[in-house]
Amino acid sequence: MTTDFPTDVRAYADAGFESMEVWLAKVEQYFSEGGSIDSAAALLQQAGIRAVSACAQGDILLSDGEARHEALAQLRRRAGIARALGADTLIVYSESPQGVTEASYALAARNLAEACDVVADLGVTIELACGRDEGGGALRARVRNVGVGEGTLHRFDLARTAHLRVGTDPRRW
């Protein structure tokens, strides 16, 4: 993850891809260096790249109090960036707490449902990215309008990566 946003866009375009998952930390760094949402969107457009998802947001499942307020504010802001760049999916990663209990799942389900509601008005869907054994299936059973994906960063297994768009040519995912 050592390259910047413009370099990522050029690399995807040079490799023949037509779409990409945008890393929000890189986009935010681009903004801090003088870039804007308009110039970021222009980079994608000029390269012929479509943002299909944006990654990643944490602290959504088990946060509470002031930390929850801050996480939801960041989620709103990041969902707005994702949508402005054309992405309609925002990847939320699962926390990995010690001693998960039934109460942890109940809290996570409530918090995830609230997060889905927060981004729905922007036309964004949340995808929960988690490893095989991190409880994503249990949460999916409890929350509507959320997808669960086991991402390539977790398992490096494209056949199991639910958040990539399926097509006959992987460069079009």
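Start in strand 3 and select Leu90, which is the bridge partner of Ala54. The model is a predicted one, and the tour works outward from this pair.

**Stop 1: strand 3 and its next neighbour**

Select the whole of strand 3, residues 89-93. Of its 5 residues, 4 are buried, so the rest of the structure largely encloses this strand. Now add strand 4, residues 125-129. Strand 3 and strand 4 run parallel and are joined by 5 bridges. To find one place where they face each other, pick Ile91, which stands opposite Glu127 in strand 4. Then trace the chain between the two strands: from strand 3 it passes through helix 5, residues 102-120, to strand 4, and this β-α-β crossover is right-handed.

**Stop 2: strand 2**

Go back to strand 3 and turn to its pairing with strand 2. These two strands pair in the parallel sense, over 3 bridges. Ile91 serves as a landmark here as well, since Cys55 stands opposite this residue of strand 3. Show helix 4, residues 65-84, together with the two strands: strand 2, helix 4 and strand 3 form a right-handed β-α-β unit.

Next, select strand 2 itself, residues 50-57. How many of its residues are buried? The count is 7 of 8, and the strand is mostly covered. Strand 1, residues 19-23, can be added now. Strand 1 and strand 2 are parallel, with 5 bridges between them. One partnership to display is that of Val22 with Ala54 in strand 2. Ala54 is also the residue from the start of the tour, where its bridge partner in strand 3 was Leu90.

**Stop 3: the end of strand 2 and the loop after it**

Zoom in on the backbone between Cys55 and Ala56. The peptide bond joining them is cis, with omega near 5 degrees. Ala56 belongs to strand 2.

Select Gln57, also in strand 2. Is this residue buried or exposed? Gln57 counts as buried because its relative accessibility is 0%, where the cut-off for buried is under 20%. To see what surrounds Gln57, display its contacts, leaving aside neighbours within four places in sequence: Ala71, Gln74, Leu75, Arg78, Ile91, Val92 and Tyr93.

Move on to Asp59, in the loop between strand 2 and helix 4. Asp59 is not a glycine, yet its phi is positive, about 60 degrees. With a relative accessible area of 46%, Asp59 is partly exposed.

**Stop 4: helix 2**

Select helix 2, residues 24-32. Its buried residues are Leu24, Lys26, Val27, Glu28 and Tyr30. What covers them? The elements to show include helix 1 (5-14), strand 1, helix 3 (37-47), strand 2, helix 4 and strand 3. Following helix 2 comes Gly34, with a positive phi near 110 degrees.

Now keep helix 2 and helix 4 in view and hide the rest. Two packed helices are described by the angle between their axes and by the distance between those axes. For helix 2 and helix 4, the packing angle is about 85 degrees and the axes are 11 Å apart. That angle makes helix 2 roughly perpendicular to helix 4.

Display the side chains where the two helices meet. From helix 2, take Leu24, Ala25, Val27, Glu28 and Phe31; from helix 4, take Arg77, Arg78 and Ile81. The residues of this contact divide into 5 nonpolar, no polar and 3 charged. Among the residues shown, Arg78 was also in the list of Gln57 contacts, while Leu24, Val27 and Glu28 were listed as buried in helix 2.

**Stop 5: the whole chain**

Bring everything back and colour by secondary structure. The protein chain has 7 helices and 5 strands. Stepping along the sequence gives the pattern α-β-α-α-β-α-β-α-β-α-β-α. Colouring by burial instead, 40% of the 173 residues count as buried. Finally, consider contacts between residues at least 6 apart in sequence: 69% of these join residues at least 24 apart. The contact of Gln57 with Ile91, seen earlier, is one to look at again here.

How values were computed
Residues are numbered from 1 along each chain as its sequence is written. This is a predicted model: local features need pLDDT of at least 70, side-chain atom pairs count only at pLDDT 80 or more; totals for chains, interfaces and linings use all residues. Side-chain values use heavy atoms; hydrogens and water are left out. Buried means under 20% relative accessible area, exposed over 50%, partly exposed in between (1.4 Å probe, protein chains only). Contact means heavy atoms within 4.5 Å. Axes are lines fitted to C-alpha atoms, for helices over the stretch in contact, and angles run from 0 to 180 degrees between N-to-C directions. Angles under 35 degrees count as roughly parallel, over 145 as roughly antiparallel, 65 to 115 as roughly perpendicular and the rest as oblique. Ala, Val, Leu, Ile, Met, Phe, Trp, Tyr, Cys and Pro count as nonpolar, Asp, Glu, Lys and Arg as charged, and the others, Gly among them, as polar. Two strands pair if DSSP finds at least two bridges between them. A crossover is right-handed if, with the strands pointing away from the viewer, the path from the first strand over the helix to the second runs clockwise.
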